[in-house]
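Got your viewer ready? Load the model, switch to a cartoon view, and keep the selection box handy for a short walk along the chain.

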Amino acid sequence: MSTRDALTGHLRVEADRARCAGHAQCLLAAPTVFDVDETSLKVILLDPEPAEGLRPAVQRAVSMCPMGALEIVD
Ligand code: SF4
């Protein structure tokens, strides 16, 4: 991947709401990508195709989710 692609590309993120237990770790790690619905306490994908530059934050969110509900599918 060229530097240009790294700056202009996008990830693809998926969230399994059935597995989500509302821990909100993802929201802390990447607040422009994830939110948690206050009623259902389930994750909301604010940005399912975040910019490549957000990969470290999204990867952190994936790692921090205790339910394994998040995935970068690229
Ligand atoms: S960290 Fe995982 S379990 Fe918690 S709200 Fe996010 S997706 Fe759901």
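One term before we click on anything: a residue is called buried when its relative accessible area is under 20%, exposed when it is over 50%, and partly exposed in between (1.4 Å probe, protein chains only). What you have open is a predicted model, so local features need pLDDT of at least 70 and side-chain atom pairs count only at pLDDT 80 or more, while totals for chains, interfaces and linings use all residues. Residues are numbered from 1 along each chain as its sequence is written, and side-chain values use heavy atoms, with hydrogens and water left out.

**Whole chain**

Start with everything selected and color by secondary structure. You should find three helices and four strands (DSSP runs numbered from the N terminus: H or I of at least four residues for helices, E of at least two for strands). Reading from the N terminus, the order is α-β-α-β-β-α-β. The radius of gyration is 12 Å, close to the 11 Å that the globule rule gives for 74 residues, so the chain is as compact as a globular protein of that length. That radius is taken over C-alpha atoms, and the rule is 2.2 Å times the number of residues to the power 0.38. Turn the C-alpha trace around and it spans about 40 × 20 × 15 Å along its principal axes.

Of the 74 residues, 28% are buried. Now think about contacts (heavy atoms within 4.5 Å): of those with a separation of 6 or more, 60% join residues 24 or more positions apart.

**Stop one: Leu-11**

Select Leu-11, in the loop between helix H1 (3-8) and E1. Is Leu-11 buried or exposed? Leu-11 is buried, with a relative accessible area of 2%. Show what surrounds the side chain: beyond the residues up to four places away in sequence, Leu-11 touches a set that includes Pro-50, Ala-51, Leu-54, Val-58 and Asp-74. For a distance to draw, try the C-alpha atoms of Leu-11 and Ala-51, which are 40 residues apart along the chain but separated by 6.3 Å.

**Stop two: Pro-48**

Another partner of Leu-11 is Pro-48, so select that next. Pro-48 lies in the loop between E3 and helix H3 (55-64) and is partly exposed at 39% relative accessible area. Leaving out neighbours within four places in sequence, Pro-48 is in contact with Leu-11, Arg-12 and Val-13. From Pro-48 to Val-13 the C-alpha distance is 5.1 Å, across 35 residues of sequence.

**Stop three: Ala-15**

Move along to strand E1 (residues 13-15), where you will find Ala-15. Ala-15 is partly exposed, at 26% relative accessibility. Which residues does Ala-15 contact, leaving aside neighbours within four places in sequence? They are Val-43, Leu-45, Ala-69 and Leu-70. Phe-34 is 19 residues away from Ala-15 along the chain, with 9.4 Å between their C-alpha atoms.

**Stop four: the salt bridges**

Switch to sticks for the charged side chains. Side chains of opposite charge can pair when their charged atoms come close. Here a salt bridge is a side-chain nitrogen of Lys or Arg within 4 Å of a carboxyl oxygen of Asp or Glu, and that rule gives two salt bridges.

- Arg-12 and Glu-14: their side chains meet at 3.7 Å, N to O. Arg-12 is partly exposed at 37%, and Glu-14 is partly exposed at 39%.
- Arg-55 and Glu-52: the closest N and O atoms are 2.6 Å apart. Arg-55 is partly exposed at 24% relative accessibility, whereas Glu-52 is buried at 12%.

**Stop five: two backbone oddities**

Most residues other than glycine have a negative phi. With that in mind, select Ala-24, in the loop between E1 and helix H2 (25-29). Its phi is near 70°, a positive value in a residue other than glycine, and Ala-24 is partly exposed at 22% relative accessible area.

Then go to Leu-41, in the loop between strand E2 (34-36) and strand E3 (43-45). What is the phi of Leu-41 near? The value is near 55°, again positive in a residue other than glycine. Leu-41 is partly exposed, with a relative accessible area of 47%.
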